[in-house]
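Please look through the sequence and the model below before reading on. The paragraphs that follow go from single residues to whole helices and back again.

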Number of protein chains: 2
Amino acid sequence: MAKTPQEQLRAYLKDAHALEQMSLQMTQTAAKASKDSELRQLFEHHHEETQEHERLIRQRIEAHGDSTSTIKDIGARVAAMAKGMAATLPPDTPGRLVRDGYVQEHTEIASYELLERVATQAGDSETADVARRIRENERETAEKLAGTWDRAAQLSLSTTPG
Amino acid sequence: MAKTPQEQLRAYLKDAHALEQMSLQMTQTAAKASKDSELRQLFEHHHEETQEHERLIRQRIEAHGDSTSTIKDIGARVAAMAKGMAATLPPDTPGRLVRDGYVQEHTEIASYELLERVATQAGDSETADVARRIRENERETAEKLAGTWDRAAQLSLSTTPG
């Protein structure tokens, strides 16, 4: 059964909010686990940016009459997803931290690509604009992470965690 | 405790093999779930390419004296990861299928970026070469998927699944 654009938009907004909550957890965990100052600063910086993204998406959810209290149930799904993403690669290595971050960024990029389109179809240009702005930041962050493959691989061979 | 480059390389190879196994499952599932012929063909085509990737990585694992029988335990981790990735977004929509595929491709891109470097450090230029070749294909596939955001969002609004 097809959903209305409005219903679809609300589902995608909740999904984006779940991903931002997950990103808040991941960037904090990764910053703490990073002994290497360059990686730590990258994760700390993106943690701050993610706080802003979470706020922007929460505002759009509220603009559609939903409240953050109705998205509590997402916590368990976020935990399951985090557990799933942690399922491969040797743990506690800088390589793993950077890879998880890179995957998380691309999960968000994909979600915001879709959210922007669904919002446009639902006539919500404000959400479409927010999606575009956040996506650009996620893409920049993914590029920063991709600039650390050499360092991450090198650090993974020397000490744990990096 | 630092691992030797050899130990690290074997761990990354097993990880790459787990991801290829997961990709085999995902591309097959996504092809079956896609009513839209363009999306179905994209997933079917990449399923065939993935069979070749799995074979190439298995050969490198065997070249290091490991056998595929020693990586049986990865099945449970792959299942956990698949379950985790399925944790968000409305299920059974073309948007979800494309997003999951896009995320899977970037997980593999990240893994092959690291595998190439770890293999080089371990003096295994053959594995480094395989990693580079597969990564290029994963990147092309990610770009093809990224070319379907409009279509996926549109299909998600009309019928399920697409």
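A residue counts as buried when its relative accessible area is under 20%, as exposed when that area is over 50%, and as partly exposed in between. With this cut-off in hand, and keeping in mind that the model is a predicted one, we can place A:Glu54, which is buried because its relative accessible area is 13%. Its partner A:Arg58, by contrast, has a relative accessible area of 26% and is therefore partly exposed. These two residues form a salt bridge in which the closest N and O atoms are 2.9 Å apart. Both belong to helix H2 (residues 37-63) of chain A, and because they are four residues apart there, about one helical turn separates them.

The chain around this pair can now be described as a whole. Chain A has six helices and zero strands, so that, read from the N terminus on, the order of its elements is α-α-α-α-α-α. Chain A has 162 residues, and 57% of them count as buried. Among the contacts in chain A with a separation of 6 or more, 78% are between residues 24 or more positions apart. The accessible surface of the chain is about 6700 Å², and carbon and sulfur atoms account for 49% of it.

In chain B, helix H2 (residues 37-63) lets us check a helix length by simple reasoning. The helix has 27 residues, and at 1.5 Å a residue it should span 39 Å; since its end C-alpha atoms are indeed 39 Å apart, the expected and the computed span agree. After H2(B) comes B:Gly65, a residue whose phi is positive, near 85°.

Side chains of opposite charge can pair when their charged atoms come close. Over all chains, the whole structure holds 33 salt bridges. One of them joins A:Arg117 to A:Glu113, with 3.0 Å between the closest N and O atoms. Here too the partners are four residues apart, about one turn of the helix, and both lie in helix H4 of chain A. A:Glu113 has a relative accessible area of 9%, and so it is buried.

Where do the partners lie when a salt bridge links distant parts of the chain? In the pair of B:Arg135 and B:Glu116, whose closest N and O atoms are 2.5 Å apart, B:Arg135 lies in helix H5 (residues 125-146) of chain B and B:Glu116 in helix H4 of chain B, 19 residues apart. B:Arg135 counts as buried because its relative accessibility is 8%, and B:Glu116 is buried as well, with a relative accessible area of 13%. Salt bridges can also share partners, and in this way A:Glu113, A:Glu116, A:Arg117, A:Asp129, A:Arg132, A:Arg135, A:Arg139 and B:Asp150 are joined into one network.

Aromatic rings give another kind of pairing. A pair of aromatic rings is described by the distance of the centres and the angle of the planes. The structure has two such pairs over all chains. One is formed by A:Tyr102 and A:Trp149, which are edge-to-face, with 5.1 Å from centre to centre and 65° between the planes. Because A:Tyr102 lies in helix H4 (residues 94-121) of chain A and A:Trp149 in helix H6 (residues 149-158) of chain A, the pair ties together parts that are 47 residues apart in sequence. Both of these residues are buried. In chain B, the ring centres of B:Tyr102 and B:Trp149 are 5.1 Å apart and the planes meet at 65°, so this pair is edge-to-face.

Methods: Residues are numbered from 1 along each chain as its sequence is written. Chains are lettered from A and ligands numbered from 1 in the order in which they are written. This is a predicted model: local features need pLDDT of at least 70, side-chain atom pairs count only at pLDDT 80 or more; totals for chains, interfaces and linings use all residues. Side-chain values use heavy atoms; hydrogens and water are left out. Rings of Phe, Tyr and Trp (its six-membered ring) pair if their centres lie within 6.5 Å; planes under 30 degrees apart count as stacked, over 60 as edge-to-face and the rest as tilted. Helices (H or I, at least four residues) and strands (E, at least two) are DSSP runs, numbered from the N terminus. Buried means under 20% relative accessible area, exposed over 50%, partly exposed in between (1.4 Å probe, protein chains only). Contact means heavy atoms within 4.5 Å. Accessible areas come from the Shrake-Rupley method with a 1.4 Å probe; for residues, only the protein chains shown count as cover. The expected span of a helix is 1.5 Å times one less than its number of residues. A salt bridge is a side-chain nitrogen of Lys or Arg within 4 Å of a carboxyl oxygen of Asp or Glu.
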